[in-house]
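Work through the exercises below with the sequence and the 3D structure open. Try each task before reading its solution.

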Amino acid sequence: TGKGRDVCSGTARFPASRHPRKVVMTVMPTINGGIKLTPENDKDWAVLKAIAFDAHEELAARLGRLMDEESMWEDIVVPDLKTHFSGQLDHVVKAVNEGKEKDEITIPKEESELWYGALNQARLGLESKYHFGQEEDIEPDELKEEERQGYLRGRFYCTIQTVLMEYVLEI
């Protein structure tokens with residue numbers, strides 16, 4: 001139906017809003033312990049390609065601004081974090097581009113932390129840009145179009161993270 005999750009079959013379909021045909025993507029566990037994303041249209045692929053765009057502000061630098069100047073965070077930690085965070089995004093961008101050729105993306109268990117991290121960066125970037133706050137305080141249909149699209153992408157990223165945690169990551 002595109003409105004939820006069929007727990008029995010292990011398949012989930014996630015609409016991005018109350019308008020279910022805007023973005024609907026099938027997400028299901030694989031027999032090898034990963035998950036498979038099956039985008040169904042160009043809008044689905046655009047949402048996946050937006051992960052790197054939404055992670056626009058460098059997370060390492062944002063975290064560094066939270067530390068005091070005497071901590072030497074900027075000199076010691078930030079360079080390693082930049083390398084780590086950019087590696088996550090680079091991996092996801094490459095996987096999305098390769099997946100487009102196959103009409104699906106498989107996230108093997110060994111790559112799930114890279115995806116989880118990149119999705120987290122994107123969600124944090126969206127929050128930094130739009131300042132959404134608590135989810136229960138937001139009515140998507142009352143947001144301006146750009147904000148609403150950002151909010152819906154953030155919810156979609158959170159959903160993928162939830163599936164990764166439920167089926168793949170050992171937390």
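The exercises go from the overall fold to single helices and residues.

The model is predicted, so local features need pLDDT of at least 70 and side-chain atom pairs count only at pLDDT 80 or more, while totals for chains, interfaces and linings use all residues. Residues are numbered from 1 along each chain as its sequence is written, and side-chain values use heavy atoms, with hydrogens and water left out.

**Exercise 1. Overall fold**

Task: Find how many helices and strands the protein has, and the pattern they follow along the sequence.

Solution:
- Step 1. Helices (H or I, at least four residues) and strands (E, at least two) are taken as DSSP runs, numbered from the N terminus.
- Step 2. By that rule the protein has six helices and five strands.
- Step 3. Along the sequence they are arranged as β-β-β-β-α-α-α-α-β-α-α.
- Step 4. Contact means heavy atoms within 4.5 Å. Among contacts with a separation of 6 or more, 56% are between residues 24 or more positions apart.
- Step 5. With the Shrake-Rupley method and a 1.4 Å probe, where for residues only the protein chains shown count as cover, the protein exposes about 10,100 Å², and carbon and sulfur atoms supply 52% of it.
- Step 6. Buried means under 20% relative accessible area, exposed over 50%, and partly exposed in between (1.4 Å probe, protein chains only). Of the 171 residues, 39% are buried.

**Exercise 2. The nonpolar core**

Task: Determine which residues of the largest nonpolar core touch the most other members, and which element gives the largest share.

Solution:
- Step 1. A nonpolar core is a set of buried Ala, Val, Leu, Ile, Met, Phe, Trp, Tyr and Cys residues joined through side-chain atoms within 4.5 Å.
- Step 2. The largest one has 33 residues, and those touching the most other members are Leu-37, Leu-48, Ile-51, Trp-115, Tyr-157 and Leu-164.
- Step 3. Two or more residues each come from strands E3 (24–29), E4 (35–39) and E5 (105–107), and from helices H1, H4 (78–102), H5 (112–130) and H6 (145–167).
- Step 4. H6 gives the largest share, seven residues.
- Step 5. In soluble globular proteins, nonpolar side chains tend to be buried together.

**Exercise 3. Helix H1**

Task: Compare the span of H1 with its expected value, then examine its N-terminal end and Asp-44.

Solution:
- Step 1. The expected span of a helix is 1.5 Å times one less than its number of residues. The 13 residues of H1 should therefore span 18 Å, and the end C-alpha atoms are 18 Å apart, which agrees.
- Step 2. H1 nevertheless has a kink of about 25°, centred on Leu-48. The bend at a residue is the angle between axes fitted to the seven residues ending there and the seven starting there.
- Step 3. At the N-terminal end, Asn-41 acts as a cap, with a side-chain oxygen 2.9 Å from the backbone nitrogen of Lys-43.
- Step 4. A polar contact is a pair of N or O atoms within 3.5 Å; within protein, one must be able to donate a hydrogen and the other to accept it, and residues adjacent in sequence count only if both atoms are side-chain atoms. The side chain of Asp-44, in H1 (residues 42–54), reaches the backbone nitrogen of Glu-40 at 2.5 Å.
- Step 5. Asp-44 counts as buried because its relative accessibility is 0%. The buried residues of H1 also include Trp-45, Val-47 and Asp-54.

**Exercise 4. Packing of H6 on H5**

Task: List what Leu-164 and Gln-161 of H6 touch, leaving aside neighbours within four places in sequence.

Solution:
- Step 1. Leu-164 is buried because its relative accessibility is 0%. Leu-164 contacts Ile-35, Ile-107, Ser-112, Trp-115, Tyr-116, Leu-119 and Leu-169.
- Step 2. Ile-107 is 57 residues from Leu-164 in sequence, and their C-alpha atoms are 9.1 Å apart.
- Step 3. Gln-161 is also buried, at 1% relative accessibility, and touches Tyr-116, Leu-119, Asn-120 and Arg-123.
- Step 4. The side chain of Gln-161 has a polar atom 3.1 Å from the backbone oxygen of Tyr-116 and makes a polar contact of 2.6 Å with the side chain of Arg-123.

**Exercise 5. Positive phi**

Task: Locate Asp-103 and His-131, and give their phi values.

Solution:
- Step 1. Asp-103, in the loop between H4 and E5, has phi near 65°.
- Step 2. His-131, in the loop between H5 and H6, has phi near 55°.
- Step 3. His-131 counts as exposed because its relative accessibility is 60%.
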